Amino acid sequence: MTTYQFFTTAWTWNSIVLILSAVALVGYFLAFGQRGRPLYFAAAAVVFLLALISPFSALANGYLFSAHMVQHILLVLIVPALLVLSLPQSFSLRSPITHPLIGWIAGVGAMWLWHAPTLCNAAATSRTVSAIQTTSLLIMGSLFWWQVLAPREEQRLSPLAGIIYLFTACTACSVLGIILTFAPVSICPVYQHPVDRLGILSTIRGDWGLTSDRDQQIGGLLMWVPMCAIYATAILAQLARWHSSPEPEQSNA
Amino acid sequence: MNGTTTIAEFRDAILDPAKRAHYRLAWLSTVDHKRIGVLYMLTGLFFFIVGGVEALFIRLQLAVPNNHLLHPDTFNKLFTLHGTTMIFLVAMPLLFGFVNYVLPLQIGARDMAFPRLNAFGFWCQPFGGILLHFSILAGGAPAVGWFSYAPLSETPYSSTPGIDYWAIAIFVLGLGTISFAVNTITTVISCRGPGMTMRRLPLFTWMNFINSFLILIALPVLNAGLAMILIDRQLEGHFFLPFRGGSAVLWQHIFWAFGHPEVYIVVLPAFGMVSEIIPVFSRKPIFGYEFVAASTVAIVVLSSLVWGHHMFTVGMGRPMDLFFIITSMLIAIPTGVKVLNWSATMFGGRIRFDVPMLFCIAFLIQFTFAGLTGISHASAALDWQTKNSYFLVGHFHFVFVGAIVFAMLGALPYWFPKMSGRMMSESLGRWTFWLWVIGFNMTFIIQHVLGLYGMPRRIFTYPDIPGWGWMNMLSTIGVFFMSAGSLVLLWNVAHSLFRGRVAGDNPWNAWTLEWATTSPPQHENFVALPPIHSRRPLWDVANPDRPDPVVGDDQVVLPDHNKTGILAFIFSEVGFFGTLILAYLYFYAHPQAGPGPKGLDVPRTLIFSVCLFASSFTFWRSEVALTKQRRGSMLGWLGLTIALGGVFLVGQVNEYWKLFQTGVDLSTNMFSTTFFTLTGFHGLHVLIGLIVLLIFLWVAWEGDFASSRPGSAFKAAGYYWHFVDVVWVFVLLTVYILPLMR
């Protein structure tokens, strides 16, 4: 299969994902109607679908660790951030799970936990585990972003605390990225010898030049660098928020 | 007799106040931030002369082809000492001297948060410098470049003690730098004057505050690397010895993970100086304060992600190269933002071309040039061609001299009136300026061309290739201009100190708080602070009818300085242990023959670990007892904490002993090298923690806590103790538990 053929045909029209997305869209409008920020929600839905039905998903499903990492980043950082942003101003959540420590552990744990070799392997081969993974990533990512993107100002961390929160999370994920990049052994052995369901393996290894070592290195670098860039962007957003915070009730840094 | 007097007597027995006040000891025993700042600068100036003379000899040797003025080995030693001296003993002490003097004044503080720690940090500098240069007498200076690449720096290839002195010296300097950064962070967080909220900090203070975090990120990584190379050399470890299973590339990763942030560590204070001087001499507030401030944070975050661009020629592989290319290009954005902001500040201003401003303008042009050649190195393909050539030498000298030294040459006449009470001579200053501008550009612009013509770095001489001779001669002639400029500068400082025009409080009509006090400031810095509502309090005082817009509200939150200080220190320790743990994992992934983690006695270690973890609980009980003023209970729990920590240490010694009995020591294989290093450094930290707790036990026994202060210092010591336990959690997981899961 050539690259062109692959990218045109390898769309997985996963009915469950499509139905769930449709249900979520309807649910969102029923729950919030005009009060919400539907553009963010639509963006979240689009990214979610791209992550799960596009050819990237086919690659992540047992072929390429790096594609899996792209999917992972989209599901744990981008989609949840957009979801939290789509909530209306009036939305409020009072629960022990909104403690900053829980949010931090959820966000960092989502990275570390699912890259334990056993779990990583299982998620790449079993559809059930993969579904559990997707759900948990969305939930853990949302808990993480809640601390800095919650709809109400008073439910977010103060900007300076937010910077510490994001910086430490960035460091914790970078360490995992560094380990993945330099690890001489496969973290997710499934990707070393993929079962060639789609007949694309020769294209990947040949035309794309992605050997399994190089593939894992790219995966690690993706977690290390672009992921950190996302956190860095969020840190700058916190600084902007700090400098533009209205007076006088806002300077409780 | 209560405890307080005992401790005071103990202190006075060493040095009584009368002796301390005597002029001969006043400077040696000072803990005043202003005097320490001056001492830092004098140290930096002294080593600037040393490093400058070293540079002069390097250039004299290279002035003509086939020169035999210096022996090749002497040349290697000279450029190693020159690089190390200029970075660690000139740029850092000089910049930290300015920070030490100016930063507390700018935020309306009486002194740094920890004056004695400040003195400790300073004294590390001359001692580090002496250690480094003592190697010349002790059998051979280091001759491997300032980056000390392994395996050249290992015993089989460098058998003289030069590298050992180099590593210990840098380690000592690193400790001083870390203590300086901890102090700066704590001073800014905990010692600001009324109204000086974090959003109103002058940019010089803000940048050095942020920079201190970068120091705490980067320096511990280097310290861990230095510890490893010393272990290799002194205890026959194999971290960086490829033929024993070590990795020479690992040293490069560690060194540049420090080395690239280091560039920003010395350039950010320079940025801070320029951000103060340009607005004052353009008679305008800085353009886009928020952008300048935020881009500093962006630089700090990004700078830890770009070190790989120093290693394109190592062969890290296409993916690594690609990612480091992207991040290296990205970091040009926040730096470019700053250049634009400084230019925009000058745009439309009534610019006064006094000497400080002249240097800042030269800084701006030269730094932009340095940035452009710098970003060309972000492209790996180009980097492969220019890496080890004089193009690179030209580039980084444009950063270090063209930007950093020029910023300091501008900052000296700017703050000299505050430090001495007298102005520096304007005409002599112009002589220095032009001699430096001509000399600097003559020396270093041509080096770019030389590099493109193919002249490699680190060669002691070269054949008579067409063009190389005259270009090198031109480069050498430039050094004499800079030397002449420096002599004029020294004369200017000496002369102005006694004969300069009296400055008054605020000779430049500047706006930050250091100009609100006398020149030089009295011991306590301020009699009274002006009201602070904006970023330019003295502008508001001078122009009550059109003050600056108020920034935020006036409420200043000052967290406890002991806790802040220890948290900053712990932050740096995370980097140290993080590096050691990553190095352990790196070699764990390549198992070797011989002893391995499977041979460790996990159940016994778990028992001793429980003791250590329990000690965190008992310490917490002791803290509770202290809050409730129950002295007996507090002493009991504290004693139990120390006992539990001691039991853990005994357990570790026992484990070591058993390993030694079976013939396993640090030099056996990679596992033993990394195992003993990691657990050994943790054990050392437990030991230090125990000593601290014993001191507290002694103080509490004497009854000191019973009186006024229920000890935030005690809580701070607790943070450290808990941290040591948390580190053990990670060590336990990686060393003992991880192998069980395989």
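Why does B:Gly394 count as buried? In this predicted model, B:Gly394 has 25 C-beta neighbours inside 10 Å, and because a residue is taken as buried once 20 or more other C-beta atoms lie within that distance, it falls in the buried class. The residue belongs to helix H15 of chain B, which runs over residues 390–420. Leaving aside residues up to four places away in sequence, B:Gly394 touches B:Phe444, B:Ile445, B:Gln447, B:His448 and B:Gly451. One of these partners, B:His448, is 54 residues from B:Gly394 in sequence, yet the two C-alpha atoms are 5.2 Å apart in space.

From this local setting one can step back to the division of chain B, which is split into domain 1, covering residues 29–542, and domain 2, covering residues 576–741. The C-alpha centres of these two domains of chain B lie 37 Å apart, and the contact between them takes 15 residues from domain 1 and 13 residues from domain 2. On the domain 1 side, helix H8 (203–235) and helix H9 (248–282) of chain B each supply at least two residues, with the largest share, seven residues, coming from H8(B). By residue class, the domain 1 side of this contact divides into nine nonpolar, five polar and one charged.

Chain B also meets chain A, in a contact that takes 25 residues from chain B and 22 residues from chain A. On the chain B side, helix H10 (289–303), helix H11 (318–330) and helix H19 (561–588) each supply at least two residues, and H10(B) gives the largest share, six residues. The residues with which chain B touches chain A comprise 15 nonpolar, seven polar and three charged.

It remains to consider the confidence of the prediction for chain A. The mean pLDDT of chain A is 88, and 97% of its residues reach 70 or more. Within chain A, confidence is highest in helix H5 (residues 65–86), at a mean of 94, and lowest in helix H1 (residues 3–9), at 83. Residues 248–253 of chain A, by contrast, have pLDDT that stays under 50 throughout, although the model has 13 contacts for them beyond four places in sequence. Where pLDDT is low, the predicted coordinates should not be read in detail.

How values were computed
Residues are numbered from 1 along each chain as its sequence is written. Chains are lettered from A and ligands numbered from 1 in the order in which they are written. This is a predicted model: local features need pLDDT of at least 70, side-chain atom pairs count only at pLDDT 80 or more; totals for chains, interfaces and linings use all residues. Helices (H or I, at least four residues) and strands (E, at least two) are DSSP runs, numbered from the N terminus. A residue is buried if 20 or more other C-beta atoms lie within 10 Å of its own, exposed if 12 or fewer, and partly exposed in between; C-beta atoms are placed from the backbone. Two residues are in contact if their C-beta atoms, placed from the backbone, lie within 7 Å. pLDDT is the predictor's confidence in each residue, from 0 to 100. Ala, Val, Leu, Ile, Met, Phe, Trp, Tyr, Cys and Pro count as nonpolar, Asp, Glu, Lys and Arg as charged, and the others, Gly among them, as polar. Domain bounds come from an automatic or database domain assignment.
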